[in-house]
Amino acid sequence: MQQRRRILALCYAAYLLAYTLRVNIAVIIPAVVSAGIYSYTQMGIVTGIYFSAYMVGQLISGYLGDRLPSKLLIINGLALSAACNLLMASAPEFPLTAVLWGINGLAQSMLWPPIMKTLADWFPKDQLESVSFTMARSYIFGYALSWGASALLVRFGSWQLAFIFPASAVLGYAVILLIWFQSAPEAPSHQEIRRENRDVPPLPLWKYFTMIHLPVLLLISLCQGFIREGISIWFPSMLEDLLHPPAPFAWIILMLAPLINLAGIAAVRSISAAQRGNSFRTLPLVFALIAAASL
């Protein structure tokens, strides 16, 4: 049990810190636009390239995750993402900026698949739902940490520090993973869990896509992307442009937004429980609430 908790804590911290290397750009955008380094249009292209690379990278990483040790992918993904952030601090020309942030998208895509594979190898099936909700909170606190720290670094230091500081912290954490992280259990009792979770009969690809209702799943993901990723990139810019809040208030608002998101996760979990885990009843209800709030 102690080993499982250690692995979960390491995975949680890895994904939390990874977010400091991807959503920091949201706070940096108003600063670099105000300085005349880039335009909002250019930064929109840069972030669009990031998400395209992230999408492609998820497919590649999912494939590699079944064939390479999780530890290798996670550490290399964090190190590559940190390197991209350090290079972004030099304010390169726009084409190179777009390439670097695209590479960052590929690097970030190397994290979630091997992390979930690791947790599936370490935890029994009846604990995986709870573990998944725990991991879901990691990116919420990642937002809070990244937006809060980046806002302070930009306001009282420079926008370059919002790239350099998290990159340095993540490189230090990669060393900790190198020492303490273990991709799969070695004890016989844990090996049994690993075999149980992987004891699934193979399915033809077409049957798998039919089983998961791929077109519906893609539509849901598209809607979720418009909502979540639009906020994750442009909320700090909208806050700065529309309200011009003083530094302390901007920091407080940026810290509160992810915590409200955390409350949303808890609410959805309660709705899911009330619907007895039926996604086809839970998701339409949740999206209806979002649509009503947007209107």
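These legends go with a set of views of a predicted model, starting with the whole chain and then moving in on single spots.

**View 1. The whole protein is built from helices.** Count them up and you get 13 helices and zero strands. Starting at the N terminus, the order of elements is simply α-α-α-α-α-α-α-α-α-α-α-α-α. The C-alpha trace spans about 55 × 45 × 35 Å along its principal axes. A compact globule of 295 residues would have a radius of gyration near 19 Å, and the protein, with 20 Å, agrees with that.

**View 2. Here is the protein seen through its surface and its contacts.** The accessible surface comes to about 15,500 Å², and carbon and sulfur atoms account for 71% of that. Of the 295 residues, 41% count as buried. Now take the contacts between residues at least 6 apart in sequence: 82% of these join residues at least 24 apart. As for charge, there are 18 positive and 12 negative charges, and their mean positions sit 5 Å apart.

**View 3. This one looks into the largest nonpolar core.** The core has 62 residues, and Leu 78, Leu 119 and Leu 177 are those with the most contacts inside it. Helix 1 (residues 2–19) supplies the largest share of this core, with eleven residues. What does Leu 119 touch, once its neighbours within four places in sequence are set aside? Its contacts are Ile 7, Leu 8, Cys 11, Leu 128, Val 131 and Met 135.

**View 4. Helix 2 is tucked away inside.** Ten of the eleven residues of helix 2 (residues 24–34) are buried, so the rest of the structure largely encloses this helix. The buried ones are Asn 24, Ile 25, Ala 26, Val 27, Ile 28, Ile 29, Pro 30, Ala 31, Val 32 and Val 33. After helix 2 comes Gly 36, with a positive phi near 75 degrees.

**View 5. Ser 138 is a buried residue in helix 7.** Helix 7 covers residues 125–156, and Ser 138 has its place there. Buried or exposed: which label fits Ser 138? Its relative accessibility is 0%, so Ser 138 counts as buried. Leaving out neighbours within four places in sequence, Ser 138 is in contact with Tyr 12, Tyr 15 and Leu 16.

**View 6. Trp 180 meets a part of the chain from much earlier in the sequence.** You'll find Trp 180 in helix 8, which takes in residues 161–180. Where along the chain is Arg 6 relative to Trp 180? The two are 174 residues apart, yet their C-alpha atoms are separated by 8.6 Å. Beyond neighbours within four places in sequence, Trp 180 is in contact with Arg 6 and Leu 10. Trp 180 counts as partly exposed because its relative accessibility is 49%, and exposed would mean over 50%.

**View 7. Ala 91 sits in a loop and has an unusual backbone angle.** The loop in question runs between helix 4 (70–88) and helix 5 (94–108). Phi of Ala 91 is near 50 degrees, which is a positive value in a residue other than glycine. Most residues other than glycine have a negative phi. With a relative accessible area of 29%, Ala 91 is partly exposed.

Key. Residues numbered from 1 in each chain as written. Predicted model: local features only at pLDDT ≥ 70, side-chain atom pairs only at ≥ 80, totals over all residues. Heavy atoms only, no water. Helix = DSSP H or I, 4+ residues; strand = E, 2+ residues; numbered from the N terminus. Rg over C-alpha atoms; globule rule 2.2 N^0.38 Å. Buried < 20%, exposed > 50% of the residue type's maximum accessible area, 1.4 Å probe, protein only. Contact = heavy atoms within 4.5 Å. Areas by Shrake-Rupley, 256 points an atom, 1.4 Å probe, with all protein chains shown as cover. Lys, Arg positive; Asp, Glu negative; His and termini not counted. Charge placed at Lys NZ, Arg CZ, Asp CG, Glu CD. Core = buried A, V, L, I, M, F, W, Y, C linked by side-chain atoms within 4.5 Å.
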